[in-house]
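Here is a brief report on how the chains of this complex are built and how they meet. Look at the structure first, then read on.

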Amino acid sequence: MSEARRRASPYIVAALIVAADAYLCIKNPQDLDRLLINAMLALSAFATLHARLLSLASAGFAAIGAYASAILAVKLGLPVYLSIPAAALVCGLVALVIGLPVLRLKDVYLAICTLGFGEIVRVSIILLPGLTGGSTGANLSTGFAYEAMKKTKTWTLALALAFLCYLFWAASRSRAGRALRAIRENSEAAETMGIDVVAYKNMAFLASALIAGLAGAFYAHSVGSLDNGDFKFNRAVDILGYAVLGGSGAWFGPTLGAGFLTALPILLRDLLGSAIGFLKNFAQLPNILNGLALMLVIIFAPGGIAALFARAPVRGAFLSVPPPLAPAAGITDKVGVADKAGVAEAPARRAGAEGKPFLSLKGVSRSFGGVEALAQVSFDLEEGKIYGLIGPNGAGKTTLINLVSGLMPPSSGKIEWLGREIQGRRAHRIARSGIARSYQNIQLFGEMSALENVIVGRHTHMRSGLAAAWLRLPSQKREEAEAREEAMGLLSRLALGSIAGQEASKLSYGDQRRVEIARALAMRPRLLLLDEPAAGMNEIETAALGDFILELQGHGVTILVVEHHMDLIMKICDEIVVLNFGRKIAEGPPQAVARDEAVLEAYLGRA
Amino acid sequence: MDKLFEPGLEEAGLLEVRNLEVRYGGIEAVRGLSFSVAAGSIVAVIGANGAGKSSTLLAISGLVRAAGGSVLFDGRDIAALRPDRIVRAGLVQVPEGRAILAPLTVAENLELGGWTRHQKVALHQKVALHQKVALHQKVALHQKVALHQKMTSDDGIAKDLSRVYALFPRLAERSRQLAGSLSGGEQQMLAIGRALMARPKLLLLDEPSMGLAPKLVAAIFETIAEIRRAGTTILLVEQNARQALRIADRGLVLSHGRLLKEGKSDELLCDPSVVEAFLGKA
Amino acid sequence: MKAKRTFLCVAVFAAAAAASAAPLSSSIKIGVVETLTGDNSAYGISIRKGIELAAQEINASKLLGGSQLALVVADDKADKQEGISVFTKLINDEKVAAIIGPTLSGTAFAADPIAQKAGVPVLGTSTTAVGITAMGDYIFRDSLPQAAVIPGTLAAVIAKYKPQKAALLFQADQEYSKSEADVFKASLAKLGIQLVGSESYSKGDSDFRTQLQKLSSKKPDILVLCSLVGEAIPVLQQAREIGIAVPIVGGNGFNSPNILKNAPEASEGLIVGSSWFIDSKVSASTAFVAAFRKKYGGDPDQFASQGYAGLYIVANAIKNAGSIDRAAIRDALVKIHGLDTTLGPFSFDENRDPICQSVPLTVKAGKYVLFQ
Amino acid sequence: MDLSFFADPVFLVQNLVDGLSRGALYGVFAMGFTLIFGVLDILNLAHAATFMWCAFAGWFVMAAGGLPLPLGLAAAMLAGAAIALVLELLAFRPLRREGADKLSSMISSIGASLIMVSVAEAAFGVQTRRFPDKVLDPKPFFIGGSGGVRISRAQILILAASIVLMVGLGLFIRRTRMGKAIRAVAANQKAARLLGIDVNGVIVVTFLVAGALAGAAGILVALLTNNIVPGMGGQIELRGLAVVILGGMGNIEGAVVGGFLLGLVETLTIAYLPGGSDIKDAIAFLILFLILLVKPNGIMGRGKAERA
């Protein structure tokens with residue numbers, strides 16, 4: 001379809017959904033509560049799905065929240081404006097307890113485990129008749145009088161949802177939101193940007209539980225009675241439906257998904273209810289059409305409604321785009337920005353640890369299954385030098401970089417960084433301590449813009465948390481602006497200013513490589529690990545890259561570069577380490593290494 | 001089609017690649033590549049990482065849809081075919097990183113290598129008939145072999161299995177083990193042996209020497225030469241440019257998805273610019 | 001005697017009618033909210049059949065003079081929010097004079113207050129839980145609460161078998177079955193029968209042998225089963241299968257032609273108490289059964305009968321009120337007294353719960369007959 | 001703890017028999033479920049609906065058509081295969097493409113199951129149906145005279161079937177050519193393609209097999225429970241999921257063993273814990289919960305459940 005229509009379609013879809021819901025709620029205000037509560041539950045599911053956690057616990061938490069608030073309000077006479085938040089907090093506590101063990105599971109395993117959780121909640125409700133009214137339900141016959149239960153007004157519910165939406169909106173444009181998107185796109189790369197993935201995932205689960213609890217509490221006080229069937233298995237599946245159909249890419253997706261899936265059956269009911277003849281006796285027809293719609297929508301928009309927006313180009317992606325520059329023009333343009341670009345400041349941040357070896361590997365080994373990828377490798381790095389790491393493909397170069405950057409622990413041996421042993425330490429902590437890396441097979445956050453990718457690199461140097469983002473504190477805005485400016489500067493330094501707003505995955509190979517380097521530099525590392533940075537670059541670009549690396553050295557950054565372009569290696573490296581079949585076979589200045597028999601035999605391939 | 005008059009294309013080869021283009025999102029991995037592989041020869045493709053070597057192979061074997069251009073195999077355009085159809089046609093790839101089936105045993109891996117054979121036997125009978133009527137027609141050696149076996153015994157698969165085990169004794173020893181438990185070298189052997197089980201006319205090898213100890217590398221290259229001697233045409237992508245060119249008849253030098261140089265491998269071996277870029281000053 | 005009463009009523013309500021603002025219109029909308037889809041739709045569907053049959057007869061018989069009853073049927077999907085939604089829709093958009101339903105007590109607890117607030121009379125025909133009618137003075141029902149049925153049934157059983165020990169099986173996560181079981185426990189205690197064992201199962205269970213085995217190992221003199229129709233059949237069969245020979249007393253779910261059809265051997269000798277049964281000799285009932293078989297070609301169950309009776313009760317109230325004013329209808333409902341229904345002479349007590357006969361039944365030769 | 005029972009060996013054996021047959025019921029249901037997951041790693045939430053339709057198909061053949069059990073079984077398995085094929089073509093294949101994440105196929109299967117259940121309700125009604133006694137005599141045997149251990153034909157049948165199907169399917173997957181192809185596709189679709197395996201074709205076969213299994217399960221469960229209703233699938237689905245996880249996703253033997261485990265746990269809880277029948281579900285899911293935390297790949301799993 002035409003560009004214009006592609007651009008417009010998502011907005012049309014959204015408009016239709018909103019219109020349908022508005023129509024329904026004007027026609028029948030009682031449905032508004034239902035809509036708002038479902039939207040809230042959708043947000044709760046979104047909180048986990050967005051962080052790639054396939055949790056179905058929302059229904060279970062909603063049940064806890066509903067009963068908790070009902071009991072607090074009716075049995076203990078708490079006013080609802082206290083009982084509802086209290087109920088949410090109860091869910092939060094439960095989430096903290098089960099979160100740590102449960103979040104170790106991934107994908108469907110997590111899904112089933114959380115389903116089991118929901119079932120346990122349901123059964124416990126039945127098993128505690130004294131407290132919950134058991135299977136008779138929480139209603140007049142068990143002491144939960146309707147008047148005591150039916151407390152909330154719709155507007156409070158609407159207010160709460162609006163508030164939640166604001167929180168999600170504000171968070172999505174904050175440091176934390178960016179971190180979560182990064183995790184969603186590529187959690188490994190995120191980890192090496194200094195983002196504590198586990199902590200963020202626990203946070204997401206906690207948020208999901210709090211929101212579900214809130215929704216449940218509102219449900220209790222909106223409906224006025226409860227029973228154990230209200231949040232059972234198929235409810236959990238419905239909620240997942242909202243989030244997946246809406247798309248877990250952006251917060252507004254699930255709310256639209258809930259809007260759609262709530263409106264659809266009601267519309268079908270009302271339309272067919274007034275239909276003629278046999279349809280009147282065909283009570284299942286609405287359900288059938290409902291299922292059909294569910295299938296069709298997901299088949300034609302597998303990424304959900306939010307994905308439609310993502311496909312439409314980012315409007316006003318960002319501020320000042322410097323004039324386009326031909327990559328051929330090389331990298332050393334706009335040097336003026338260099339000092340702003342943060343690279344200059346790197347040397348300024350020198351911690352103590354003088355005298356101690358900068359980085360030293362001591363008998364480091366790593367094996368996969370039976371295959372030993374790295375065997376007893378030892379060497380030291382001195383600060384401020386450029387090191388080349390060469391060897392045939394599969395010699396263990398990338399493995400070594402993974403070990404140093406903490407993506408995997410060594411099987412044996414020590415890695416000392418600034419005098420402290422870091423082997424086995426988690427990647428985000430190593431990254432924070434000043435080690436940055438690029439990847440051989442590019443690991444950008446594909447659906448984020450080049451600029452955003454680089455800003456993620458600033459993560460560890462930004463302070464403002466969620467609270468600041470929600471309060472829109474000037475400090476947070478300033479920080480964001482600075483990060484933006486600095487990232488822009490770095491991009492310009494690498495002749496990428498013109499494509500800063502483009503989606504990373506759409507960039508050319510060489511550009512993606514440079515964005516990755518910019519992202520690593522944004523971390524202001526003391527040690528920079530480059531894994532085949534020149535792969536896919538032409539001679540001119542490669543040469544320019546060489547100059548750039550030398551310039552970085554000038555700024556005091558220590559660099560370990562893996563490369564097959566021997567001329568580049570020969571030109572920029574102070575020292576070269578040669579690996580072959582997992583073993584260090586040579587080490588020394590370029591010329592010496594180039595003459596080394598073993599090296600020629602193994603790598604340069606003289607027979 | 002001026003491409004027809006490019007060097008190396010005068011006599012139509014077993015594989016004809018014309019103006020091949022491969023894109024991933026914004027990345028143009030292969031940009032209008034054309035070359036030809038003559039039946040019974042070894043052609044080596046060398047070039048830096050990211051030069052588009054693997055992408056070329058993936059496009060030929062159909063795992064990646066070509067964005068443009070055509071791939072003629074045995075005279076028919078296979079660019080639009082499904083990968084499994086391409087394999088049936090006799091073009092088999094050993095991918096980079098081997099892609100062995102870790103949870104299956106070595107024997108099972110090899111057996112599955114012969115997956116397309118049931119239909120193949122029928123195809124061979126057709127070939128046989130063809131030959132009876134038109135003996136002048138030139139037929140690839142392995143077809144003769146297959147035909148011969150079809151005549152002598154019905155159990156071609158068992159024979160090939162023993163042939164592969166003869167080629168790689170290590171696999172025979174390990175035949176009951178899970179493929180995942182093999183060492184890197186053994187896995188590479190398995191991948192090649194498995195491909196041979198399909199009786200390919202053309203074998204695509206992507207970095208067979210990757211991560212192997214020097215002596216193993218030598219052995220692998222020896223095996224490759226042997227396979228060619230048995231009549232299988234080979235398209236070889238290698239980091240280890242020197243060794244690759246040694247066993248190859250022709251070489252293609254790729255850079256940024258374009259053909260930088262193309263020629264007899266011994267010429268390339270002493271071509272200064274190639275030596276400079278890929279062979280290292282020796 | 002009866003004629004005299006009717007005359008009185010007519011006299012009284014003629015006056016009321018004259019006074020009331022909204023006279024009978026040509027078509028009177030009655031809301032019918034039942035569970036028509038999902039696992040529990042068995043009840044809703046047969047209730048609906050009963051109601052639609054009644055509507056047909058009432059309109060044919062000109063019971064309401066020139067005006068016809070128009071049913072507005074809606075599916076509550078056994079979901080509280082859906083129940084609330086359709087109640088609101090019927091009340092605001094369809095302007096119904098009264099609502100019959102909903103099917104399940106759970107839904108009623110959520111939806112009835114809407115009608116109460118709007119001042120629309122609601123008549124439940126299958127809700128038996130405690131407290132339904134306590135929700136407001138517009139809430140009625142013609143389904144006997146379990147407490148009104150079970151003691152009588154048990155008394156009859158005691159009279160015949162003199163049991164000392166009883167055992168009980170029920171569905172733990174189902175409101176109806178659970179409250180039925182509670183009533184059984186209470187009345188057993190009151191009647192001085194020792195409950196030697198009480199086991200439960202939950203939705204989705206299909207194998208009840210272990211519970212039954214455990215109960216039978218306690219050597220009870222009678223076995224009490226509280227299940228919905230769906231589980232009733234396998235429960236009954238498995239009880240017999242594992243060799244339980246003692247008399248079996250079933251809850252409401254066991255009063256269904258389905259039991260006779262699907263568990264002919266196992267149901268023999270089964271005892272249930274109910275306000276209605278298929279072979280009831282009440283004149284209104286025999287007529288109903290005949291008409292039902294004619295219209296639908298199958299046997300009606302208790303729920304169809306209660307639905308059928310329900311619409312007649314509402315219709316008579318409207319007739320007596322001589323008005324579609326909801327308040328007037330409500331007042332007329334309260335005054336319904338000794339109305340001839342399939343459930344026998346029918347009245348409401350001061351809590352708007354039904355006053356009608358409840359008889360102990362037993363299955364003989366594939367038929368429900370009075371239990372002596 | 002009610003100790004009086006432990007003294008009674010008959011009661012114990014009886015519970016083991018009932019527990020195992022209860023478990024066999026879960027296992028038979030879970031097998032097809034886990035097969036699809038093993039190959040495509042997606043949850044086919046329409047499996048329960050397929051299972052229900054097969055039970056009805058069997059009912060029409062045996063109760064309405066008056067044909068004997070073997071034919072009914074065959075018909076049900078055929079129906080299952082057909083339904084599964086339609087599901088693969090309409091609900092799953094369109095989502096097996098770039099950019100569609102695994103969840104979306106789960107959602108479309110939810111949609112499909114909603115349709116299937118609603119159509120069944122409209123077509124068959126929700127009244128319980130059962131097989132006539134001539135299909136399979138409900139009268140149980142008593143081993144060791146009356147008062148001995150009771151076992152019904154249906155129980156024997158489902159126990160036997162669960163074992164036979166488990167072994168049979170295991171052999172099919174391990175020994176046959178197609179079985180190996182299925183494992184190849186499960187292990188690495190790219191590699192399978194390179195071997196000339198028509199991946200979509202293999203997936204179709206997988207669905208056919210899974211559907212046939214659903215068919216067998218439908219008949220067996222219906223025989224054991226005598227309760228054929230459109231909702232019957234949804235009622236066993238959650239336990240089926242639990243069993244799949246217990247046995248390890250995609251592990252056929254695991255599914256059956258997991259089924260036996262869950263069945264025994266439920267039965268023994270009911271039998272030996274005071275008020276056990278009230279808490280059996282809580283116990284069952286608690287165990288599921290714990291196993292997942294201690295042994296995320298299930299009791300026999302070799303999958304990869306832990307977050308890398």
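Domain bounds here come from an automatic or database domain assignment. The model is predicted.

**Domains of chain C**

Chain C splits into two parts: domain 1 (24–144 + 281–357) and domain 2 (147–274). Their C-alpha centres lie 29 Å apart. Where they touch, 10 residues of domain 1 of chain C meet 10 residues of domain 2 of chain C. On the domain 1 side, that contact holds 4 nonpolar, 4 polar and 2 charged residues.

**Two helices of chain C**

Helix α11 (residues 302–321) and helix α12 (residues 326–335) of chain C also meet. How do they cross? Their axes come within 8 Å, at an angle of roughly 115°. Angles of 65 to 115 degrees count as roughly perpendicular, so α11(C) and α12(C) are roughly perpendicular to each other. The crossing of α11(C) past α12(C) is right-handed.

Which residues make the contact? From α11(C) come C:A317, C:I318, C:N320 and C:A321. From α12(C) come C:A328, C:I329, C:D331, C:A332, C:L333 and C:K335. By class, this helix contact has 7 nonpolar, 1 polar and 2 charged residues.

**A hairpin in chain C**

Strand β14 (residues 359–364) and strand β15 (residues 367–370) of chain C run antiparallel, joined by 4 bridges. C:V363 faces C:Y368 of β15(C) across the pair. The two strands make a hairpin, with 2 residues between them. In the turn, C:A365 has a positive phi of about 50°.

**The sheet of chain B**

Chain B carries an open sheet of 6 strands with mixed pairing. The strand order is β6-β7-β8-β3-β9-β10. Which strands form the edges? They are β6 (91–94) and β10 (258–264) of chain B, each paired on one side only. From one strand to the next, the twist averages 15°.

Strand β9 (residues 250–255) of chain B pairs with β10(B) in the antiparallel sense, over 6 bridges. Within this pair, B:R250 stands opposite B:K264 of β10(B). Helix α1 (residues 53–61) of chain B packs on the sheet. The strands that α1 touches are β3 (42–46), β6, β7 (202–206), β8 (233–237) and β9 of chain B. The direction of α1 makes about 145° with that of β7(B).

**Chain A and its partners**

Chain A touches chain D through 35 residues of its own and 38 residues of chain D. On the chain A side, α5 (107–127), α11 (233–246) and α13 (285–300) each supply at least two residues. The largest share of that side is from α5(A), with 12 residues.

Chain A also touches chain C, with 27 residues from chain A and 26 residues from chain C. On the chain A side of this contact, α2 (30–49) and α12 (252–273) of chain A give two or more residues. Here the largest share, 3 residues, comes from α2(A).

The table sets out the residue classes on the chain A side of each contact.

| Side of chain A | Nonpolar | Polar | Charged |
|---|---|---|---|
| touching chain D | 24 residues | 8 residues | 3 residues |
| touching chain C | 6 residues | 15 residues | 6 residues |

So much for the numbers; the chain A sides are worth viewing one after the other. Toward chain D, chain A presents 24 nonpolar residues. Toward chain C, chain A presents 15 polar residues.

Notes
Residues are numbered from 1 along each chain as its sequence is written. Chains are lettered from A and ligands numbered from 1 in the order in which they are written. This is a predicted model: local features need pLDDT of at least 70, side-chain atom pairs count only at pLDDT 80 or more; totals for chains, interfaces and linings use all residues. Two residues are in contact if their C-beta atoms, placed from the backbone, lie within 7 Å. Ala, Val, Leu, Ile, Met, Phe, Trp, Tyr, Cys and Pro count as nonpolar, Asp, Glu, Lys and Arg as charged, and the others, Gly among them, as polar. Two strands pair if DSSP finds at least two bridges between them. Axes are lines fitted to C-alpha atoms, for helices over the stretch in contact, and angles run from 0 to 180 degrees between N-to-C directions. Angles under 35 degrees count as roughly parallel, over 145 as roughly antiparallel, 65 to 115 as roughly perpendicular and the rest as oblique. A crossing is left-handed if the near helix is turned anticlockwise from the far one by less than a right angle, and right-handed if clockwise.
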